[in-house]
Structure formats: structure tokens, C-alpha cells
Amino acid sequence: MSKYKVNITGIDTSSLKVLTKPEIDELMHLYKMGDEEAKTQIINGNLKLVLSIINKYNNGKNDMNDLFQIGCVGLIKAVENFDESYGVMFSTYAVPLILGEVKRYIRDSTSIRITRSVRDRAYQIMKYKDEYLTIHGVEPTNDEIIKDLEITEYELANAMDSLKEPVSIYEPIYNDGGDTIYILDQLADKKELEEKKDDLIQLRKALTKLRKREKDILIDRYIIGKTQMELASEMGVSQAQISRIEKTAINNMKKLIR
């Protein structure tokens, strides 16, 4: 069984040949000398690389035949533009090109429309990252991208967010064998937020009316997250005293809120 189980029409993916580095180097040399058959062999010998990349998108939402063809476009571009002087393995050079083609296809195929300016900015950033990776062997940091492309942090974040694949609100995010929790369950309820805001205002007002020691202990316990033992050590008193002050402070808060 193939490591990358992707069903592609008309291709037995489990029997695809994988070229070794010396074989690729030799074929690449022949291709640069004008041997088109060598180019075909390089492409066929790296189809599993395409499969390994598109496998992460094998989630039932994408047509894997289409993704495979798009990935092959990226592979062909990699073969045509690869230069041994880059000092990296062919696969290292090819991966970002293949992935870039696949991501662009998925983004452009989504029902969510991205503005032309944001899309162009995303293309510019992806091209820069591909070129930087080819030259330096590592991806550029956000600071380097912002500086070299003369863009703001917001423009970078906005452009990169546009590349992300949309997720259904009914996508399950947790299941412990019981009830499944979906993204929809985590979305904010505006009415509930308004009610919580009112409660927060009342709590803040009540907190200002407490004695300083009671207020300090409640803040340390429930906002900063300190334990009663930690507070007892800091204040030079027993844990029992901290517990009593905390209990009294909570009761006073309840009275003030009522």
C-alpha cells in the first residue's frame, strides 16, 4: 500500500517510481543539455512528491484529480527553473512551488471571494518566500518580509489569512466518546455577551467598594491565579486566614451585587 493513499484516476499511485538524488542530478544535467525525455523522467519520478503534498487536502472537500494536476503544474515549473547552483536538493526547491500552486487553486476555487489587491499581495508574498527559501534554505521571518516588501504587519497578516481554507461551522473540533463539540458551539452569542458585560460592570463596581485587603486577595486569586498558599506566604499569615478573608470578600461582593 502506498504511504500516500490518494486515488487519482488512471494512475496506480502505489507503483510510481521514486528517483534517487544521483538519478535526478544525472537527468537534470541531460535536460539542461536539451534532452526533453530526461525532463519527462524527472517529472514522472517525482509524482509521489506531488501526492505527498496534496494528501493533506484529502478531506472529501477537494477533487484530488484536480489537485494532482495542479500540483504537477508546480512540479513542471520546478523542473524548468531548477538550477544546481542553488545548492539545494531538487525536492527542497520543488515543494514550495508545488504547494504554492495547490494553495492558489484552492483559494481561487473557494466560494469566498478575496479582493484583487489582497490576492495580489498574497501572490507577492508567496513568490518572495519561495525565492528566499531557494536562496537561503529557510523561510523568511515576518519581519524580513515586511521590511523587504515594504508592507505593514496588518497587510502581511491579512494577505496570509486569505490563503487559509474556509472551515464549516459544523466541523467537529472535539469528541471524547460522548457528545461532539462543533465550531458552531464555540461561536459567540451577542445576547449572551451583552449579559456578561452587564455582570462584569456590576462586579467591577462591587470590587471598588471592598476593603483593600479583600480586593487584593480576590484579584490575586481569580485574576492573577495565585493559590491560597502563595498568598499566605507573601503576606506572612496562615492559609486559613487567607481562606477566611477570601470567603468574606466573596460574601460581601454578593451583597453589593444584589
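**Exercise 1. Isoleucine 76 and its surroundings**

Task: In this predicted model, determine where isoleucine 76 is placed, classify its exposure and identify its contacts remote in sequence.

Solution.
1. Isoleucine 76 belongs to helix α4.
2. The relative accessible area of isoleucine 76 is 31%. Buried would require a value under 20% and exposed a value over 50%, so isoleucine 76 is classed as partly exposed.
3. When residues up to four places away in sequence are not counted, isoleucine 76 touches Lys39 and Ile43.
4. For the pair isoleucine 76 and lysine 39, the separation is 37 residues in sequence, and the C-alpha to C-alpha distance is 8.6 Å.

**Exercise 2. The packing of α2 and α4**

Task: Describe the crossing of helices α2 and α4, and state which residues form the contact.

Solution.
1. Helix α2 covers residues 36-44 and helix α4 covers residues 64-81; their axes come within 10 Å.
2. The two axes cross at roughly 135°. An angle over 145 degrees would count as roughly antiparallel, and 65 to 115 as roughly perpendicular; α2 and α4 are therefore oblique to each other.
3. The handedness of this crossing of α2 and α4 is right-handed.
4. On the α2 side the contact is made by Lys39, Ile42 and Ile43, and on the α4 side by Leu75, Ile76, Val79 and Glu80.
5. Sorted by class, the contact of α2 with α4 comprises five nonpolar and two charged residues, with no polar residue.

**Exercise 3. The nonpolar cores**

Task: Which residues of the largest nonpolar core touch the most other members, and which helix gives the most to this core?

Solution.
1. The largest nonpolar core has 30 residues, and Ile54, Leu75 and Phe90 are those that touch the most other members.
2. At least two residues of this core come from each of α1 (21-32), α2, α3 (47-54), α4 and α5.
3. Helix α4 gives the most to this core, namely seven residues.
4. Another core, of 10 residues, lies apart from the largest one; Ala122, Ile125, Leu149 and Ile151 are among its members.
5. As background, nonpolar side chains tend to be buried together in soluble globular proteins.

**Exercise 4. Two glutamates compared**

Task: For glutamate 101 and glutamate 150, decide whether each is buried or exposed, and describe the setting of each.

Solution.
1. Glutamate 101 is found in helix α5, which spans residues 90-109.
2. The relative accessibility of glutamate 101 is 13%. Because the limit for buried is under 20%, glutamate 101 counts as buried.
3. With neighbours within four places in sequence left aside, glutamate 101 is in contact with Ile70, Val73, Gly74 and Lys77.
4. Glutamate 150 lies in the loop that runs between α7 (142-149) and α8 (153-161).
5. Glutamate 150 has a relative accessible area of 72%; since exposed means over 50%, glutamate 150 is exposed.
6. The backbone of glutamate 150 has a positive phi of about 55°, although this residue is not a glycine.

**Exercise 5. Helix α11 and its partners**

Task: Establish how α11 is oriented relative to α12 and to α13, and list the residues in each contact.

Solution.
1. The axes of α11 (residues 212-224) and α12 (residues 228-235) come within 10 Å and cross at roughly 135°. These helices are therefore oblique to each other, and their crossing is right-handed.
2. From α11, Arg213, Ile217, Asp220 and Arg221 make the contact, and from α12, Gln228, Leu231 and Met235. The contact of α11 with α12 divides into three nonpolar, one polar and three charged residues.
3. Helix α13 (residues 239-257) packs against α11 at an angle of about 100°, with the axes 9 Å apart. As 65 to 115 degrees counts as roughly perpendicular, this description applies to α11 and α13.
4. The α11 residues in this contact are Arg213, Glu214, Ile217, Leu218, Arg221 and Tyr222. Those from α13 are Ile242, Ile245, Glu246, Thr248, Ala249, Ile250, Asn252 and Met253.
5. By class, the contact of α11 with α13 has eight nonpolar, two polar and four charged residues.

**Exercise 6. Lysine 209**

Task: Locate lysine 209 and decide whether it is buried or exposed.

Solution.
1. Lysine 209 is in the loop between α10 (190-208) and α11.
2. With a relative accessible area of 61%, lysine 209 is exposed.
3. Lysine 209 and asparagine 252 are 43 residues apart along the chain, and 9.2 Å separates their C-alpha atoms.

Key:
Residues are numbered from 1 along each chain as its sequence is written. This is a predicted model: local features need pLDDT of at least 70, side-chain atom pairs count only at pLDDT 80 or more; totals for chains, interfaces and linings use all residues. Side-chain values use heavy atoms; hydrogens and water are left out. Helices (H or I, at least four residues) and strands (E, at least two) are DSSP runs, numbered from the N terminus. Buried means under 20% relative accessible area, exposed over 50%, partly exposed in between (1.4 Å probe, protein chains only). Contact means heavy atoms within 4.5 Å. Axes are lines fitted to C-alpha atoms, for helices over the stretch in contact, and angles run from 0 to 180 degrees between N-to-C directions. Angles under 35 degrees count as roughly parallel, over 145 as roughly antiparallel, 65 to 115 as roughly perpendicular and the rest as oblique. A crossing is left-handed if the near helix is turned anticlockwise from the far one by less than a right angle, and right-handed if clockwise. Ala, Val, Leu, Ile, Met, Phe, Trp, Tyr, Cys and Pro count as nonpolar, Asp, Glu, Lys and Arg as charged, and the others, Gly among them, as polar. A nonpolar core is a set of buried Ala, Val, Leu, Ile, Met, Phe, Trp, Tyr and Cys residues joined through side-chain atoms within 4.5 Å.
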